[in-house]
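User: I'd like to go through a helix and a strand with you. Could you bring up the structure?

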Amino acid sequence: MSSHIVGNHALTKHMESNILKTSQDAKNARIQNPMVIDATVGQLNKENGTLLRYLAVDRLLKELTDQEMYVYAPVNGSKSYSDGVIDWVFGKHKESILKAFQVNVIPTTGGSGALSNSIYNFNDFGQKVLIPNYYWTPYENIAEEANLGVETFRMYDDEYRFNLDDFERKAKELAARQGRLFFLMNDPCNNPTGLCLTTEQWRKMIAVLNEIAAGDIPVVLLHDIAYIDFQMKAEDQSRDIFAAYLDLDPRILAVVAFSGSKTFSMYGFRIGAQIGLSKSKQVMDDFKRVGDYSVRARFSSVSRPAMSVIGKIFANPDLKTGFKAELAEARLILEKRIALFQSCADREGLKYLPYGGGFFIGVETKNCRIFEDLVADGVYVIAMPGLIRIALSSVNLEDIPRLVSAIKKNV
Ligand code: PLP
């Protein structure tokens, strides 16, 4: 009999790296001293430091009827939301994807709900999820919550190219060891690095997954696209990576984790989706069966107001065009900050990881006390082993030269 108030499985739960808590500390420090730079928050802020809201979202939210606002959202999503997500995510590749795959949308509480449902349902307890060595730290917590662990491969080679060789080695090793491969990749606009893979690199990763699946080993690809709308290219081009999906072996299940948080600036509403894709009807029936069950068993259904607003933007071509123009302006805000960061860093000789898009830029470091050293200089970032994550999404232009100097001094 256990003498603990928590269950045995929960005894070791400790949040080692809590991004939201560090952000809260940074916010409090800035209230005390406005010179403090808070580069912790994965949220896009305007130059005046307030959250960037989209007019289309704001207007629609205020016009919702009681029905669109208050009632339970349908577990499988409204038609405009679920069909619209497929349109939005795959863009010009939608037709070819729908022709090649069985596709199913399950609305979830943010991208996080999509990640946790997928990780929970498509692994055996005790197994490891494969991720790159630089990763959004909640992946680890989501895995542990599901009685799983993570195993990493080196994200970059010595020339700072994506390390396909290490991916292949680790993927094959893990698949052989546990008779299953579950691979989680955040791309494009990787958090924490800013990496964006090419379609060719996706083709090569998928060739490795296919090789493993051909040995009758279950293979699941979980593709986290939380920042897809912030790649530094037109949105139809950021979808080109999905052309590589057509090569997927019929035995493989791909799950695209969509998040409404960043794209619509609806962070607090908690909306997203698991988009399941497989060429096999049996695999897709399984995806739907366990996915629907877990939604009901874990959070019941998602935010109705968010589903109503996003569904309206998806379904109305004029609203969609207007919203896309707003998104392009938001990307421009980021682009200016990134360009300034890069020019200051180049001038000061500060190395940073290759950036293709997203809210963050990554700087490698050997300083184990980098977080404390930067705080002493009035700068808050998210520190992880060997790397700091700098959220330029929430730093205004004026603060960037000072931010770069502080990082250069302490890195
Ligand atoms: N994936 C990554 C890499 C993220 O950074 C986030 C949010 O910060 C998410 C997924 C999930 O976001 P949400 O649950 O708010 O949709």
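Analyst: Quick definition to start: a residue is buried if 20 or more other C-beta atoms lie within 10 Å of its own, exposed if 12 or fewer, and partly exposed in between, with C-beta atoms placed from the backbone. This is a predicted model, where local features need pLDDT of at least 70, side-chain atom pairs count only at pLDDT 80 or more, and totals for chains, interfaces and linings use all residues. Residues are numbered from 1 along each chain as its sequence is written.

User: Which residues point one way from β7, and which the other way?

Analyst: Helices (H or I, at least four residues) and strands (E, at least two) are DSSP runs, numbered from the N terminus. Strand β7 covers residues 253-259, and 7 of its 7 residues are buried. One way go L253, V255, A257 and S259; the other way go A254, V256 and F258.

User: Which residue stands opposite A257 in β8?

Analyst: Two strands pair if DSSP finds at least two bridges between them. β7 and β8 (residues 272-278) do so in the antiparallel sense, over 6 bridges. Opposite A257 sits Q274.

User: And which residue in β7 is the bridge partner of H223?

Analyst: Here the neighbour is β6 (residues 219-224), which runs parallel to β7 and is joined to it by 5 bridges. H223 has as its partner V256.

User: On to α13: how far apart are its end C-alpha atoms?

Analyst: The expected span is 1.5 Å times one less than the number of residues. The 12 residues of α13 (304-315) should therefore span 16 Å, and the end-to-end value agrees: 16 Å.

User: How many of the residues of α13 are buried?

Analyst: The helix is mostly covered. Among the buried ones are R304, M307 and F314. The count is 10 of 12.
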